[in-house]
Amino acid sequence: MGRGERPGNGLFADHRASEGRAGTRAGDPVRCGGRTARGGAALADQPHRGSLPNRQPGAGRLAITAGAGAGASLRAGDTVSIDDVYAHIDAGFGAALEELAYLVGIAGVSASPTEDLALCAQAVQHSVCGSGLRTHLIEGFGPPAVYGECIVDPGRPTVLIYGHYDVQPAETSAHWQGDPFEPTIRDGRMYGRGTSDNKGQHLAQLWALRATLAAHGELPVNVKVLIEGEEEIGSPHLAELVRENRHLLAADLAITSDGPVHRSGMPQLVLGTRGQLGVELCTRGANRDAHAGSLGGLLPDAAQQLTQALATLWKPSGEIAVAGFFDDVRPPTPAESANLAGLPLDLKDHFSDYDITELPSPEGRDYYERLMLRPTMTITGLTSGYTGPGMKTVISSSARAHLDMRLVPGQHPDEIFRLLQVHLAQHAPMVGLTRLSSIPPSRTALDNPYVAILAGAVAQAIGVIPFVVPSLGSSLPNYVFTDILGIPSILVPYANPDQNNHAPNENFELSRFKDGMRICATILEHVGSHTVERSEGNVRLEQERVE
């Protein structure tokens, strides 16, 4: 593909298969539930090779004898041999790029929904169906969610794969090198909104299913897929959807591929996410803006009122001043603290990247503690008056600020919002407070047996042992799996550290796209090769279903 050319228009014809399973070619439409779906179980024959960093000789075949983790055991005589699955991944890679470009071309912005959001759901449903899963749309909970399943044997483990098809807004500007929804490939990356967050990452999982089916005829585990359309606005309906469909979604393990690999470029497994609470603070002065000279001192200044209110939220040390804010913060376990101490860190690189010279206050908190284990409060927007060229002497009649709070296990958005209400009532009663979004935090224990199983799978797939970290700094709706379904949830991100998600020029390295397929396929093989005691949540849901 030439620099700047758009994929999905025949430019990858040389990668299409001459023949596939059941006479199907990758990239050709197949019939699925009365609808036409792109792709299929058969993959292309001619490889599009990407770099596979630090691959170890013989990594395609591994007899697992140790490292399964507490509570897990290898089934007698099992080995994991997936060279043929990897070969199908290589062979279908060109068609996978075309499919990703097609999906990226459908905007699907949940913050300002249009018909594109529904079109994106339909396109993703076609991709899920073309991956060998029975599928339908779950409707009535915001934009339709795509559900798919392949139940091979009720006695085997069930893996629930989660993703989202909605994307962040992407206003065309001088910062974007091209139209955000006209994907292009250059310098070994595909650029476009949604390439890595999250269409490329969940598509990598679907192509892993296709490669496994093409190579072996069946999956090694039961697989369920849930891909929603509101993650970028806080998944406001997901908890209700999961509660209402908890028996349908019952599983032993939830896997999400979202976000980047470690800042160092190394793979990582992430066992949790911080929660989030978004609010708006608003002040009102006079019934309209007024002349700052003629009426200065005679009318309230809404901007001044708001900034004074904001100043009460932090102590001079930089610590959050809301009473009770930290009361329920769960301290890290010794294992979590030791885990963080073993992660690589180059603070100079961080400072250089963002052109700063030190970490912000409060002092005495290290990088990873701040990022994963401590709550934060950030002013993400502040508007009032006139800030255009020149000077406009005006008394603002209104002012508005948005706050983003990231929460950690032990905290709950409802309680933090209540504490903020109490604080403002005491210190700034003139300020209005509106709740905008919220997600509870989530955490899976480091000693969960699936952690070691997945770490071994990643190591086999790409020849690198992943870091295991307790939490992302950002927020995902993982709590619906850990709290509502009662199952472990592990994030296995594929995207490059400089993916620019939520920013101009979002991109996905092609080699990492392919590595994601290898990792997912290997994870399914490893999970299917081990016996792990079923989670309490899955057992409970099974008992409810029988009763």
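Me: Is Cys120 buried or exposed in this predicted model?
Reply: The cut-offs are buried under 20% relative accessible area, exposed over 50% and partly exposed in between, using a 1.4 Å probe and protein chains only. Cys120 sits at 0% relative accessibility, so this cysteine counts as buried.

Me: And Cys520, buried or exposed?
Reply: The relative accessible area of Cys520 is 5%. That value is under 20%, so Cys520 is buried.

Me: How many disulfides are there in the whole structure?
Reply: A disulfide here is a pair of cysteine sulfur atoms within 2.5 Å. The model is predicted, with local features needing pLDDT of at least 70, side-chain atom pairs counting only at pLDDT 80 or more, and totals for chains, interfaces and linings using all residues. Residues are numbered from 1 along each chain as its sequence is written, and side-chain values use heavy atoms, leaving out hydrogens and water. Searching the whole structure gives a disulfide count of 0.

Me: How do α2 and α13 pack: roughly parallel or roughly perpendicular?
Reply: Helices are DSSP runs (H or I, at least four residues), numbered from the N terminus. Axes are lines fitted to C-alpha atoms over the stretch in contact, with angles from 0 to 180 degrees between N-to-C directions. Helix α2 (residues 93-104) meets α13 (residues 510-528) at about 105°, with axes 11 Å apart. Since 65 to 115 degrees counts as roughly perpendicular, under 35 as roughly parallel, over 145 as roughly antiparallel and the rest as oblique, the pair is roughly perpendicular.

Me: Which residues of α2 make that contact?
Reply: Contact means heavy atoms within 4.5 Å. On the α13 side are Leu510, Phe513, Lys514 and Met517; from α2 come Phe93, Ala96, Leu97 and Leu100.

Note on methods:
Helices (H or I, at least four residues) and strands (E, at least two) are DSSP runs, numbered from the N terminus.
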